[in-house]
Amino acid sequence: MLCPVCRSGSIKVLDSRESRDGGAIRRRRACLDCNHRFTTYERIETTPPIVLKRGGGKQAFDRNKIAAGLQRVCHKRPVDDEQIEGLIVAVELWAATRGEREIRAEEIADRVTRLLRPLDLVAYVRYLSSHGVYHNVDEFVHLLNQMEKAAHTSPEGQRTLFEIDARGQIQLSAPSRLFGEAEDEPDSGDRSPAPDSEVP
């Protein structure tokens, strides 16, 4: 670093401390040649990367798109707006501080799922199904077993949400229940299962 007055490189740090918001390091410096004193701030670089879409296109990082997806999968779930905003901020900072100019959309989706799962298991499964973020079949089988157990105590039991067919592919047996659409319909007494459809 050069002195802003005489352009000398002989600089001494006199004092270092965090800024009030904790987002930067404030350093008080002095030039050993002209004795000029000045202050610098060190901050984490937070430049949002360009997102590489699955189809090969590119677009700017859009937190509103993440927010819309989370609002959709968290509909009628015990996840409040503050928790959703906290998740978005965490993803945004993670992406912006990686030091890379580009990031794949799949990486962002994977990050969202890792942060969403501890908040709500149903919202987590909704996000997986709508974004196609499947790590492996074994993980999904384990997840389904957890949801099968939860069905005994939860009014929104998920025992009919997924099935694993003979080919090891995940089948969605009740898509309307997955996204909460059936909750708004009156109870007609008909308990027949909805037709199976395959998750893309």
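This passage describes the overall make-up of a protein chain, one of its sheets and one residue of its first helix. The structure is a predicted model, in which local features require pLDDT of at least 70 and side-chain atom pairs count only at pLDDT 80 or more, whereas totals for chains, interfaces and linings use all residues. Residues are numbered from 1 along each chain as its sequence is written, and side-chain values use heavy atoms, with hydrogens and water left out.

The protein chain contains six helices and nine strands (DSSP runs numbered from the N terminus, helices being H or I of at least four residues and strands E of at least two). Of its 200 residues, 31% are buried, that is, under 20% relative accessible area with a 1.4 Å probe, protein chains only. The exposed surface of the chain is about 12700 Å², of which carbon and sulfur atoms supply 48% (Shrake-Rupley method, 1.4 Å probe).

Three strands form an open sheet in the order 1-2-3, with antiparallel pairing (strands pair if DSSP finds at least two bridges between them). Strand 1 (11-18) and strand 3 (37-43) lie at the edges; each has a single partner strand, so one side of each is left without a neighbour in the sheet. From one strand to the next, the twist averages 25 degrees (axes are lines fitted to C-alpha atoms, and angles between N-to-C directions run from 0 to 180 degrees). Seven bridges join strand 1 to strand 2 (residues 24-31) in the antiparallel sense, and Glu 18 has Ile 25 of strand 2 as its bridge partner.

Asn 64 belongs to helix 1 (residues 63-73). With a relative accessible area of 56%, Asn 64 is exposed (over 50%). Asn 64 lies 24 residues from Ile 88 in sequence, and their C-alpha atoms are 9.0 Å apart in space.
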